[in-house]
Number of protein chains: 2
Amino acid sequence: MSNEGLLVIISAPSGVGKTSLCKEVLKFFPDLRHSVSYTTRAPRPGEKDGLDYQFVSEEKFQEMIDGGMFAEWAEIHGNRYGTAANALKEYLRSGNEVILDLDGQGARQIREEFPNSIYVYILPPSWKELEKRLRSRRTDSNEDIKRRLENAKEELQYAEHYDYIVINDAFNVAVSTLRSIIVAEKCRRKRVLKQVEALFNLSHAG
Amino acid sequence: MSNEGLLVIISAPSGVGKTSLCKEVLKFFPDLRHSVSYTTRAPRPGEKDGLDYQFVSEEKFQEMIDGGMFAEWAEIHGNRYGTAANALKEYLRSGNEVILDLDGQGARQIREEFPNSIYVYILPPSWKELEKRLRSRRTDSNEDIKRRLENAKEELQYAEHYDYIVINDAFNVAVSTLRSIIVAEKCRRKRVLKQVEALFNLSHAG
């Protein structure tokens with residue numbers, strides 16, 4: 001059907017461990033690249049510009065919106081996040097594979113432009129555990145944590161629109177499951193049929 | 001959507017290594033069971049009645065057809081193979097998971113009765129390699145091998161109707177890929193959403 005590279009969209013309520021999961025899974029797929037989103041929020045300790053996010057000013061972000069540069073953008077907890085469309089499309093068209101983490105709103109926005117993507121929703125094992133994880137971060141105030149938990153409840157409603165649901169209970173199991181989903185999707189009929197047909201015509205002739 | 005267990009249908013041209021693959025994959029999933037088909041062919045060396053196949057006479061097989069006991073049956077290389085429908089349905093309805101290897105014709109027949117199944121087609125890396133594998137078996141005559149290779153070419157046409165295509169080049173890689181497909185399918189939204197909704201209502205209330 002197409003030689004377009006695989007685009008994997010990952011969503012999760014804040015605090016579930018989406019970022020760590022993605023980082024770990026990337027190690028298994030040398031051809032898989034993490035798409036770096038633009039954001040107006042301040043870097044957290046340890047976050048690097050251009051690697052974790054492209055950190056930009058409110059003014060720059062607004063310019064990018066006005067210039068139609070985003071496939072999707074959203075405001076979350078008072079900060080803006082956006083995905084640059086053209087670079088991503090070009091990259092996929094060359095057969096590259098991309099993992100992209102988005103909130104439910106962003107994922108919904110991007111679906112029409114990237115209909116062949118696969119959508120994976122990561123859940124915490126329970127609300128209690130989510131709260132525990134948010135508190136252990138120690139970077140957010142009580143107010144922040146309360147807001148994140150409330151947003152998480154709303155965010156959870158998006159899960160029913162995703163192709164896969166992974167519960168991040170034991171981290172290594174979740175990594176392995178996410179990895180399996182990518183391996184499986186890479187041998188979906190529509191992604192390999194042309195290659196297989198070519199292989200067997202060649203082998204047959206030889 | 002349903003608590004019905006997962007049914008995995010595996011097909012491959014004869015000689016690709018489908019049986020060994022299935023046996024290896026079963027080790028990773030304690031809840032996955034290999035569905036034993038009925039056949040009229042003679043056991044190969046090492047094959048056990050009731051474990052590899054239910055070996056039955058032509059007469060018994062015909063009785064079972066007449067009694068409507070098969071979800072599918074087919075004649076391949078002059079022997080008959082069939083899958084007992086009711087036992088399989090009952091087993092799945094109880095939430096059990098089943099792996100079932102069928103030829104392309106059998107898989108097509110069973111699809112209507114088991115629409116939620118997943119279909120995996122295993123391919124050899126090349127025709128040459130397939131021929132080599134058939135010859136190394138040393139149980140088939142030259143005539144048999146020639147016939148199997150010709151059937152394999154016909155059988156290959158079915159690949160385009162399957163959900164996944166796995167190339168059995170390095171055995172361990174193929175095992176791992178097949179395993180990944182099963183792991184991935186087990187966290188498809190439709191298979192886990194109810195469980196997830198229950199989990200979060202409970203956790204929320206507690």
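**Confidence, sheet and interface of a predicted two-chain model**

Tutor: In this predicted model, confidence within chain A is lowest in helix H8 (residues 189-205) of chain A, with a mean of 73, and highest in H7(A), with a mean of 97.

Student: Where in chain A is the pLDDT below 50?

Tutor: That applies over residues 202-206 of chain A, a stretch that has 4 contacts in the model beyond near neighbours in sequence.

Student: And what is the average pLDDT of chain A?

Tutor: Chain A averages 88, and 96% of the residues score at least 70. For the complex, the predictor gives an ipTM of 0.85 and a pTM of 0.86.

Student: Turning to the fold, in what order do the strands of the sheet in chain A come?

Tutor: The order is S2-S7-S1-S8-S9 in chain A, an open sheet of 5 strands with parallel pairing. Strand S2 (32-34) and strand S9 (164-167) of chain A are the edge strands, each pairing on one side only. On average, neighbouring strands are turned by 25° against each other, direction ignored.

Student: How many bridges join S2(A) to S7(A)?

Tutor: There are 3 bridges between these parallel strands. Within this part of the sheet, Arg33(A) stands opposite Val98(A) in S7(A). Val98(A) is also the bridge partner of Leu7(A), and S1(A) pairs with strand S7 (residues 97-101) of chain A in the parallel sense over 4 bridges.

Student: What about S8 and S9, over how many bridges do they pair?

Tutor: Strand S8 (residues 118-123) of chain A pairs with S9(A) over 4 bridges, in the parallel sense. There, Val120(A) stands opposite Tyr164(A) in S9(A).

Student: Which helix packs on the sheet there?

Tutor: Helix H7 (residues 171-186) of chain A does, touching strand S1 (7-11), S8 and S9 of chain A. The direction of H7(A) makes about 160° with that of S9(A).

Student: Which residues touch the most other members of the largest nonpolar core?

Tutor: Of its 92 residues, they are Ile9(A), Val120(A), Ile9(B) and Val120(B). Leaving aside residues up to four places away in sequence, Val120(B) touches, among others, Ile9(B), Tyr164(B), Leu178(B) and Ile181(B).

Student: A different residue now: is Ala152(A) buried or exposed?

Tutor: Ala152(A) is buried, because 20 other C-beta atoms lie within 10 Å. Ala152(A) belongs to helix H6 (residues 142-156) of chain A. With residues up to four places away in sequence not counted, Ala152(A) touches Pro13(A), Ser14(A) and Leu130(A).

Student: And what separates the C-alpha atoms of Ala152(A) and Phe70(A)?

Tutor: They are separated by 24 Å, and the two residues are 82 residues apart along the chain.

Student: Let us move to the pair of chains. What turn lays chain B on chain A?

Tutor: A turn of 180° with a shift of 0.0 Å along the axis does so, at an RMSD of 0.0 Å. The relation is therefore that of a two-fold axis. In chain B, the C-alpha nearest the axis is that of Ser180(B), at 2.1 Å from it. Both copies use the same surface, since 100% of the contact residues of chain B recur in chain A.

Student: How many residues of chain B are in contact with chain A, and which elements give two or more residues?

Tutor: In chain B, 26 residues are in contact with 26 residues of chain A. The elements are helix H5 (127-137), strand S9 (164-167), helix H7 (171-186) and helix H8 (189-205) of chain B. H8(B) supplies the largest share, 7 residues.

Methods:
Residues are numbered from 1 along each chain as its sequence is written. Chains are lettered from A and ligands numbered from 1 in the order in which they are written. This is a predicted model: local features need pLDDT of at least 70, side-chain atom pairs count only at pLDDT 80 or more; totals for chains, interfaces and linings use all residues. Two strands pair if DSSP finds at least two bridges between them. Axes are lines fitted to C-alpha atoms, for helices over the stretch in contact, and angles run from 0 to 180 degrees between N-to-C directions. Two residues are in contact if their C-beta atoms, placed from the backbone, lie within 7 Å. A nonpolar core is a set of buried Ala, Val, Leu, Ile, Met, Phe, Trp, Tyr and Cys residues joined through C-beta atoms within 7 Å. A residue is buried if 20 or more other C-beta atoms lie within 10 Å of its own, exposed if 12 or fewer, and partly exposed in between; C-beta atoms are placed from the backbone. pLDDT is the predictor's confidence in each residue, from 0 to 100. Copies are superposed by least squares on the C-alpha atoms of residues with pLDDT of at least 70 in both.
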